[in-house]
Every structure is written in structure tokens, then in C-alpha cells.
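Reader: I should like to go through this protein step by step, beginning with its overall layout and moving on to its helices. May I put some questions to you?

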Amino acid sequence: MEAPGFSHWLVMFVEISAAVLLLLLAMIVLLLCVVWFVDRNQTANAVLRNYPVIGHFRYGFLKLGEFFRQYLFAMDREEMPFNRAERTWVYRAAKNVDNTVAFGSTRDLRAEGVPFFVNAPFPELAEAHVEPRPVTIGPYARQPYSHAAFFNISAMSFGALSAPAVSALSRGAARAGIWMDTGEGGLAPYHLEGGCDIIFEIGTAKYGCRTADGRLDDQRLKENCAHAQVKMVSIKLGQGAKPGLGGLLPGSKVTPEIAAIRGIPVGKDSQSPNRHTDIGNVSQLMDSIAHIREVTGKPTGFKAVLGDVDWIRTLCDEVWARGIESAPDFIIVDGSEGGTGAAPQTLMEGVGLPLHEALPALVDTLLSKGLRERIKVVCSGKCITAYDVAWALAMGADFVNSARGFMLSLGCIQSLQCNRNTCPTGITTHDPKLQRGLVVMDKADRVFHYATNLMYEVGVIAHSCGVKEPRQLRREHCRVVANDGLSVSLGKLHPYPVRPPA
Ligand SMILES: Cc1cc2nc3c(=O)[nH]c(=O)nc-3n(C[C@H](O)[C@H](O)[C@H](O)COP(=O)(O)O)c2cc1C
């Protein structure tokens, strides 16, 4: 018998392929019929009920739109919270590559609220960059802290951030001579790795220094603060993204390591209260500050979001009544535009003063009460570029903190997934597969370059304004565009209540 020829096999192949294709087609049609039936009869979604099957395209396009807008369609100055021009500036500063632009700026200098600086006709002939002088915080604490860098890493807990992210921040911070705030998750070994200065934050759940029932454990507090790297203690009253709200740490995130650091049971949900149970008024806040400063020997202050400054006035009166040494050594004012791992949109967008109102309100209250020198002012809230930081210094801050600026320096691409375990850059995820993308030594380098390049450029602004170092910037050095497109001096918008600080 003759063996089947090539044409026989070809015919068989075509017939089988056609049968498979028909089967596939039949399955797809069946699937679409099922989806059509389910969509048509479900009661929760009107679009799908009216447009079964094709209604699903809407959700696909909505999801894809996020990516298309960022990569293809959004203009350089359009996106929020940080637009592409701002992000690119941070990336380039972090990579330490040329950050000059050609032809002209895309920044609209006539838009309401835009700040710019007043150059001096005859700036100093000297080198543009002058090292900032150290500022001493907590002169009455047993171990006062002197720190020069005016741009530092804001509170972000180990838990919100991954271990490699904390480790890279710690190493980069040490090289740049800046501090890093632990955030409310307690002190992790990763914070200590690089050898940087550390602010130990006490959140409302007192993670890291709590008793089993959530009260302050002096012994654990003392142990944490016995590390020479821990320079100050910050009591967190609130943060801009969620004023007056505690947080739920889901049991799935409470690994044995996180449980040990925070002092909570493994695998169980942990709810932090919406305020410290032992701090319900200004007097109790002052008591806590005094107690923690006494236990740790370190300068102690607090972080808050301001709604108004009446209570700060009350606090200042209480300081004068108790004696100047009783004052908080610093106040960190967080603008309502602040970020977080997860917060309800309503609180994030609708409660608390933004930094451009909160900072002058705080500085002026302290000035008018004669406590501006005693209580150092730290601020945070979308200060990620040199002119944001220069604005804050001109307004009266001693130090500026940034959380998301440093996340961008670690490679954050603003994919807005910090509240899930899916951060594609390994910064806010505990998935080892995603963390693999974050190479600690490379990112530590970027943290270092971002901090030093930013501070250098603030120095360039200061030099152009005719002052020797950034902390000499005053409100008169900055103007802000008003609603008629013309600028007004910050000194006129927010006149100093008494003579300006020396
Ligand atoms: C991922 C993430 C985690 C944060 N965790 C804390 C925290 O534990 N404690 C705290 O006081 N603030 C926390 N914050 C708020 C920041 O410290 C900062 O106050 C706020 O984001 C404003 O700074 P930014 O605009 O530079 O991000 C967190 C912010 C982010 C983005």
C-alpha cells in the first residue's frame, strides 16, 4: 500500500484546525451568552444590565486609561499628586544626571499660588553653595541635638514600607547627613542599618514601646531610644492625610517580625486609636512631652495637622506658665496634602489646613508668643523640589521633611497602589518577588543624591536672593501669584506679627 502523501497530511491538518477553531468559537459564544445572561439579570450594575457584555469594555478602558494618560496623553504639568515635570526633576536629581532644561520652562508663572523668588541685583561673588549651619533642638534635654541639613526624610513606618526600602533610605540618609523618621511602626533593624540619625515616632498605638494593652511602656521606650542613632522623639498627634483617624493593620500583614517590632500578637488585626488615649488636651500633651523627655533624655516634640491655631496659643500660654524648659522642642506641622499608605479619600481631601496656610499660622503664633526660637518648626506636605523647600524656609520653617519625594527617589512611579501589596517598584509591598526590583545599594545612592542635589539647589536660590545660606531666606524673598496674575510679596501676604526672626 502506498504511504499517505504530503497533501493527505495537509488536508488532515486543515480539517483538525477547523474543528478546533469551531469548538473554540462555540465555547466563546457560549461564554458570551452566559455573561450576557448574568449581566442582564444582575441588579447591582445599571450599565451592565442595560448593555450586557459590551459594558465590560468601559471598566477595561477605565483601568487602561490610568496608564495611557500617564505615559501618552497627560501634559507635563497636569497629573496629581505630582506631575511629570516634578517627578522627572526628582528622578534626575536622584540619578545625579544633568537637571538643566532647554529652550524654556513649561511652568506657568502666572497661575494663582505659584511662588517665585526675588533675586538680588548684586548677589554675593562667592561660591553659590554655602553649607547650612547646625540648628540645636532641645537645649534643655539631657542630650540636645544639633543638625544642619534642612531637608530630611519624613515618617514612614516599616510595614508601610518594605524592608529594602527602609534599608536604602537609611543608608542614603547616612551618606547625606540627613535624618530619617521611623513612622509609627516602631524602630526596625533596617532603620539602623545605614547609621543615619533617627527620629523615633510614637503613634497612637505606641507601636514599639507599648504594653500589651496599648499604654506607654517606659522600659521599651528607653531601650529604643538608648540607640545613639535615635536623636529625638516625636509624638504623632495626627498626619495630613487622615487627621483624627487611627489605622487598621490587617492580621495578614502582622508577620512575626512586624509583631515583634511593634509589640503586638502575630497574625491578628491591630487597630490604632484615633488619638493617644492618654493625651486628650494641651495639658496632658505637655505632661507626656515632659515624661518622654525625662525617660529618654532626648529632645521631644509632636507632629500635628492644624485645623486652627487656638490650641497652639493655649499651648504657648501653658509653656510660659510651666517654664520655658517645658516647651515641646519641636513641632512638625503636616499639611493636609500629605500622603499615606491608606486613608479615606474624604479625610485626605477635605479635612485640615494645607501647608501654605498651616505653616505661616504656626510660625506666626510662635513668634507672637515669643517661642519661635525655643520651639523648632519642621514642616511637610508636597515639598519635593528645591523651590518648595525654599518657600518653606522663607516662610519660617527650620527643617522640611519629605516622604513621597524620597519614595520617588527610590524609584516610585506613582502607581497609587501603596494600600495594596502590589507596588510594582517594591517600595510598599511585602511580596519578595516585587521587592527584588529594589536594589538597596543602587537606591541608597539615589536617596543620597536626591537629598544633596535638592539642598544644593535651595542654596543656589538663596545665593541668587543675596543671602548666605538657605535658612536666611525671609518672606520678602518670595512672591506668590495672586488671582489677577500679578505677584504679591509673602511678607505682605503674611506679615510678621512681631519683628522677623534674627
Ligand atoms: C507610605 C507612607 C507612609 C506614611 N507613614 C506615616 C507614619 O507612619 N507616621 C506619620 O506620622 N506619617 C506617615 N506618613 C506621612 C508622611 O510622613 C508625611 O507627613 C506626608 O506624606 C507629607 O509629606 P510628603 O508630601 O512629602 O509625602 C506616611 C506617608 C506615606 C506616603
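Reader: What distance separates the centres of domain 1 and domain 2?

Author: The model is a predicted one. Its protein is divided into domain 1, residues 6–73, and domain 2, residues 135–493. Taken over C-alpha atoms, the centres of domain 1 and domain 2 are separated by 49 Å.

Reader: How are H9 and H10 oriented to each other?

Author: Two packed helices are described by the angle between their axes and the distance between the axes. For helix H9 (residues 282–296) and helix H10 (residues 310–322), the axes come within 10 Å and cross at roughly 55 degrees. The crossing of H9 and H10 is right-handed. At that angle, H9 and H10 are therefore oblique to each other.

Reader: Which residues meet where H9 and H10 are in contact, and how do they divide into nonpolar, polar and charged?

Author: From H9, the residues are Val 282, Ser 283, Leu 285, Met 286 and Asp 287, and they meet Trp 311, Thr 314, Leu 315, Glu 318, Val 319 and Arg 322 in H10. The residues of this contact of H9 with H10 divide into six nonpolar, two polar and three charged.

Reader: How are H10 and H12 oriented to each other, and which residues make the contact?

Author: The axes of H10 and H12 come within 10 Å and cross at roughly 30 degrees. Angles under 35 degrees count as roughly parallel. H10 and H12 are therefore roughly parallel to each other. Their contact is made by Ile 312, Arg 313 and Cys 316 of H10 with Leu 362, Thr 365 and Leu 366 of H12.

Reader: How many charged residues has the contact of H12 with H13?

Author: Helix H12 (residues 355–368) and helix H13 (residues 386–395) have axes that come within 10 Å and cross at roughly 25 degrees, and these helices are therefore roughly parallel to each other. Leu 355, His 356, Leu 359, Pro 360 and Val 363 of H12 make the contact with Trp 391, Ala 392 and Met 395 of H13. By class, the contact of H12 with H13 has seven nonpolar residues, one polar residue and no charged residues.

Reader: What span should the 25 residues of H16 have, and how far apart are its end C-alpha atoms?

Author: Helix H16 covers residues 440–464, and at 1.5 Å a residue its expected span is 36 Å. The span counts one less than the number of residues. The end C-alpha atoms of H16 agree with the expectation, as they are apart by 36 Å.

Reader: Which residue that is not a glycine has a positive phi, and where is the cis peptide bond?

Author: Most residues other than glycine have a negative phi, and most peptide bonds are trans. Lys 206, in the loop between strand S6 (197–202) and helix H7 (218–225), has a positive phi of about 55 degrees although it is not a glycine. Pro 81 lies in the loop between helix H3 (55–73) and helix H4 (84–95). The residue with the positive phi is thus Lys 206, and the cis bond, with omega near -5 degrees, runs from Met 80 to Pro 81.

Terms used
Residues are numbered from 1 along each chain as its sequence is written. This is a predicted model: local features need pLDDT of at least 70, side-chain atom pairs count only at pLDDT 80 or more; totals for chains, interfaces and linings use all residues. Side-chain values use heavy atoms; hydrogens and water are left out. Axes are lines fitted to C-alpha atoms, for helices over the stretch in contact, and angles run from 0 to 180 degrees between N-to-C directions. Helices (H or I, at least four residues) and strands (E, at least two) are DSSP runs, numbered from the N terminus. Angles under 35 degrees count as roughly parallel, over 145 as roughly antiparallel, 65 to 115 as roughly perpendicular and the rest as oblique. A crossing is left-handed if the near helix is turned anticlockwise from the far one by less than a right angle, and right-handed if clockwise. Contact means heavy atoms within 4.5 Å. Ala, Val, Leu, Ile, Met, Phe, Trp, Tyr, Cys and Pro count as nonpolar, Asp, Glu, Lys and Arg as charged, and the others, Gly among them, as polar. Domain bounds come from an automatic or database domain assignment.
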